[in-house]
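Colleague: Got a minute to walk through this one with me? I'd like to go over it piece by piece.

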Amino acid sequence: MAPVNFSESNRLQTRLHELVPGGAHTYARGADQYPEDMAPVLVRGQGARVWDADGNCFVEYGMGLRAVTLGHAYQPVLDEVRAVLDNGLSFSRPTRLELDAAEAFLSLVPGADMVKFGKNGSDATTAALRLARAATGRDLVAICADQPFFSTDDWFIGSVPMNAGIPAATRELTVSFRYNDLDSVRDLFARHPDRVSCVFLEAATALAEPEPGFLEGLRQLCDQHGALLIFDEMITGFRWSAGGAQAVYGVSPDLSCWGKAMGNGFPISALAGRREYMELGGLRTDAERVFLLSTTHGPESVSLAAFLGVVRAYREGDPVGRMERAGTRLADGVNAAAAEAGVSEQVAALGRPSCLIFTTKDADLKPSQAFRTLFLQEMLGHGVLGQSFVISAAHTDEDVELTLEAVRASLAVYRKAVDAGSVDGLLRGRPVAPALRSQAAPRRL
Ligand SMILES: Cc1ncc(COP(=O)(O)O)c(C=O)c1O
């Protein structure tokens, strides 16, 4: 493997650890998620490529934690942003842009009557929960136990291993059910009569599509028990379709929560839903009013302009189709390479083509952080950066081809580890660790 120099990245990473807890402003971006001393600190991106502080260029996957579907520095979106910069960004009254963005959003999401914008996805998911609690007068939230993340706020973080600082009283209000298992939802309603305010889930994930009748069954159960159905469209929005998973599967939730790809990297999120609920946060209600998504930066012009640029790109082109075609080509190539290397039981590209992940199992076919780290180490050494194969519409055939060359080279090394039953002598540093763990790793970061 050609040696790749990470010396400037490593110097910057050390400094980041001194100034920023965890050495990154998002845990999923942390150096502990990458092989030791091989965590590039980035300076620039263009299309599907990124460049680091040492001048290395990588084909990137993951795309800003799935926030970028059109590619880095996508010019038509930047043009929309540039066009508003000279007019001021934040005022004491709403702008016309706020209306334009609301109209554009609601034209994409057929089941929603109203929308309110925020900055992070968690703004929207937490607002959805508050609205559901206010609308139903109930305190419990039922979340899908098989899905990894819904919010940075206490109601969700209380349910992960890294939950220091969150009172037991808050944790007890979050209960869970299983994906594609209506009985587990029935069971929750039976065990907690008149207490479940909402059923909260991603309608689909990269790995799990709804079985026939599951989403319809949830809709029915929620209606029957007076709970709200809430879809988290953070990942599915603009990746499954511009109208999210609800447009693909044809089941309308009461509320839905959006973020990530809405701004192609610019920070914008949205809570959308049925008028009867959304108006509880408005001025046209006789009910007790809900404090709904009201932030200083919520309606600033830059992100709304970026969102309108994204909507235009989805109207005029077919980014989802492009992602699906490139993702299919990539998955087929990875899986063929794995078969050729004799490791197809260990390494596979799986999931929806626009949102691929890869498996990295050990010789006993158990998921392995050490084997994962070895794969990441080899891929980085061959010019590919990614904790997944989540693609963008900017990934060209050439990007995919370069990735497949890296995969073939990496799997030759992976095969040696499988044959040896261990990464010893092949993995150069410590293995990666889950981002949301309760203890810091007892080793140098
Ligand atoms: C499915 C899902 N919901 C909600 C969130 C929270 O979004 P944010 O990090 O923008 O607050 C995430 C973040 O990764 C997510 O993946």
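Modeller: Sure. One cut-off first: a residue is buried if 20 or more other C-beta atoms lie within 10 Å of its own, exposed if 12 or fewer, and partly exposed in between. And keep in mind that this is a predicted model.

Colleague: With that cut-off, is Glu-279 buried, exposed or partly exposed?

Modeller: Glu-279 sits in the loop between helix H11 (275–278) and helix H12 (301–316). Leaving aside neighbours within four places in sequence, Glu-279 is in contact with Arg-284 and Thr-285. Its count is 17 other C-beta atoms within 10 Å, so Glu-279 comes out as partly exposed.

Colleague: And how far apart are the C-alpha atoms of Glu-279 and His-192?

Modeller: Along the chain, Glu-279 and His-192 are 87 residues apart. In space, the separation of their C-alpha atoms is 28 Å.

Colleague: Over to the ligand. Which helix gives the largest share of the shell around it?

Modeller: The ligand is surrounded by 14 residues, and the closest are Asn-120, Gly-121, Ser-122, Phe-149 and Met-234. By class, that shell has seven polar, five nonpolar and two charged residues. The largest share is three residues, and they come from helix H5.

Colleague: How many of the 16 residues of H5 are buried?

Modeller: The buried residues of H5 include Gly-121, Ser-122 and Asp-123, and also Leu-129, Leu-131 and Ala-135. The helix is largely enclosed by the rest of the structure, because the number of buried residues is twelve.

Colleague: What distance separates the end C-alpha atoms of H5, given its 16 residues?

Modeller: At 1.5 Å a residue, H5 should span 22 Å. The model agrees with that, because the end C-alpha atoms are 23 Å apart.

Colleague: Which residue with a positive phi follows H5?

Modeller: Helix H5 covers residues 121–136. Right after H5 the phi is positive, near 70°, and the residue is Gly-137.

Colleague: Now the strands. What is the bridge partner of Trp-51 in S3?

Modeller: S2 (residues 49–52) pairs antiparallel with S1 (residues 42–46) over four bridges, and Trp-51 is the partner of Arg-44 there. S2 is also joined to S3 (residues 57–60), again antiparallel, by three bridges. In S3, the partner of Trp-51 is Cys-57.

Colleague: And which residue takes a positive phi in the hairpin of S2 and S3?

Modeller: In the hairpin of S1 and S2, with two residues between the strands, Gly-47 has a positive phi near 65°. The hairpin of S2 and S3 has four residues between the strands, and the positive phi, near 90°, belongs to Gly-55.

Technical notes:
Residues are numbered from 1 along each chain as its sequence is written. This is a predicted model: local features need pLDDT of at least 70, side-chain atom pairs count only at pLDDT 80 or more; totals for chains, interfaces and linings use all residues. A residue is near a molecule or strand if its C-beta atom, placed from the backbone, lies within 6 Å of it. Ala, Val, Leu, Ile, Met, Phe, Trp, Tyr, Cys and Pro count as nonpolar, Asp, Glu, Lys and Arg as charged, and the others, Gly among them, as polar. Two strands pair if DSSP finds at least two bridges between them. The expected span of a helix is 1.5 Å times one less than its number of residues. Two residues are in contact if their C-beta atoms, placed from the backbone, lie within 7 Å.
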